[in-house]
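Colleague: Could you walk me through the sheets in this model, and tell me what earns each label?

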Amino acid sequence: MSFEDLGLGPDTLKALADCGYTTPTPIQAQAIPQILMARDLVGLAQTGTGKTASFTLPMIEILSTGRARARMPRSLILSPTRELAAQIAENFDIYGKYHPLSKALLVGGTSMEEQIKNLERGVDVLIATPGRLLDLFERGRILLSDIKIFVIDEADRMLDMGFIPDIEKIASKLPAIRQTLLFSATMPPEIKKLTAKFLSNPREVSVAPPATTAANVEQFLVWTSQRNKPRVLARLIAQENVQSALIFCNRKRDIDGVCRLLQSEGYAAKPMHGDMVQKVRTETLQAFKDSKIQLMVCSDVAARGIDIDDLSHVFNYDVPANPDDYVHRIGRTGRAGKTGRAWTLALAEHDDKLVQAIEKRINKPVPVYKLEGADLPGKQHQPQDSRLNTARPSRPGVKAAPRKAHAPAPMRQPVPEAAHANPGAKGFGDGMPDFFKVKG
Ligand SMILES: Nc1ncnc2c1ncn2[C@@H]1O[C@H](COP(=O)(O)OP(=O)(O)OP(=O)(O)O)[C@@H](O)[C@H]1O
Ligand SMILES: [Mg+2]
């Protein structure tokens, strides 16, 4: 299977060749022809397997005929976060570089002036977060009656309680006859039921059961106590071969504390959460992408969709309350055929149920790693599933990391039996694991 077989035009194929993509991923191979046939579609595939191109490539083809009118965009992509919306817009530029398509990015926390000017000129693609889109709509700056293609990325997140009123309002402004595409790596059954009212006679393209974790993310769970958590995190970061890592906290108030701890250990660490001003959020993410920051301590604002090259590790400082968030958080690593490692710190006294919910959702146990000598709580946690004990042999204790004078370079003893991030690898190509390969 090649991109040529999917019905894409020569200009799009040229842009893909420029990206170095040789083979479509399974979701691309299955979704693109369906979208080109104007079908509604729910596309479910693991994190980091190219869902963005699955909808942007056929959209570029479809939009390449026709013209946009002032204030009447022809297609709309919704994203839950500003950073993800910006990333999708970048993807549009990359894949659409040989097409004269115009786009506007409508996200909160930035000036409206430029956005309004773009809308006045007429845009083919609107990429937006729901709040800013509705704001501009209510100010009469935008009409949604000419939308031919409506995409909801991270669809299950967008249809959950926090976003659904906005999404319903937006959908009610769109023409009834349109093409609707929903994408995500997760789709809990209760949200799946809601999708029906946005779609008409949809195709479901499911590369793997929803919430299947990315195949090349190695996962570990460390049981610890609240008191020892900071120390355990610092030790794990020190012993792993961390190129760059995201560290997720459940509470914003913990983010600064964890960040200070890591800075005091000598790492270039910065916080990232929704209460920060947008300018600082954008600069922080850019600095992280440019490797000027090695560790980003973040809330779930960075959990979905964000694609960072060569992110070797994810650490869950807290077990996420929602099992699907686990899938998305750890899916920030191990993308595009590369490998990555994800560590979760769980509190022996609290997190049993959350861990069980995650294991049920991902349909496998998360191997337990016993960090001996870490001054763990007196009562050793006994996982209920005996398989957990054998999933990974315990290993001798690791020495505490000495304080480092400078960042970066937290290089310590790598964990021996592990595969490591392979930042040199490019795309899925030959390095694509069998699991991802399209048959036939
Ligand atoms: N066919 C391909 N060949 C090589 N690399 C690809 C291909 N398609 C996409 N990629 C790369 O794979 C990475 C992940 O793509 P993308 O962000 O679209 O994943 P996703 O499935 O949307 O993940 P998530 O569920 O986390 O949002 C990107 O860096 C992208 O450039
Ligand atoms: Mg995505």
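**Two sheets, and how we call them**

Modeller: Seven parallel-paired strands make an open sheet, ordered 3-4-2-5-6-1-7. At its edges are strand 3 (103-106) and strand 7 (203-206), each paired on one side only. It's a predicted model, where local features need pLDDT of at least 70, side-chain atom pairs count only at pLDDT 80 or more, and totals for chains, interfaces and linings use all residues. Residues are numbered from 1 along each chain as its sequence is written, with chains lettered from A and ligands numbered from 1 in the order written.

Colleague: What makes strand 2 and strand 5 a pair?

Modeller: Two strands pair if DSSP finds at least two bridges between them. Strand 2 (residues 75-78) and strand 5 (residues 149-153) run parallel and have four bridges, so they qualify under that rule. Ser75, for one, has Ile149 as its bridge partner.

Colleague: Why is 217-224 called a strand, and why an edge one?

Modeller: Strands are DSSP runs of E, at least two residues, and helices are runs of H or I, at least four, both numbered from the N terminus. The other open sheet has six strands in the order 8-13-12-9-11-10, paired in parallel. Strand 8 (217-224) and strand 10 (269-272) each have a single partner strand, so one side of each lacks a neighbour in the sheet.

Colleague: Which strand partners strand 8, and over how many bridges?

Modeller: Strand 13 (residues 340-347), in the parallel sense, over eight bridges. Trp223 stands opposite Ala346 there.
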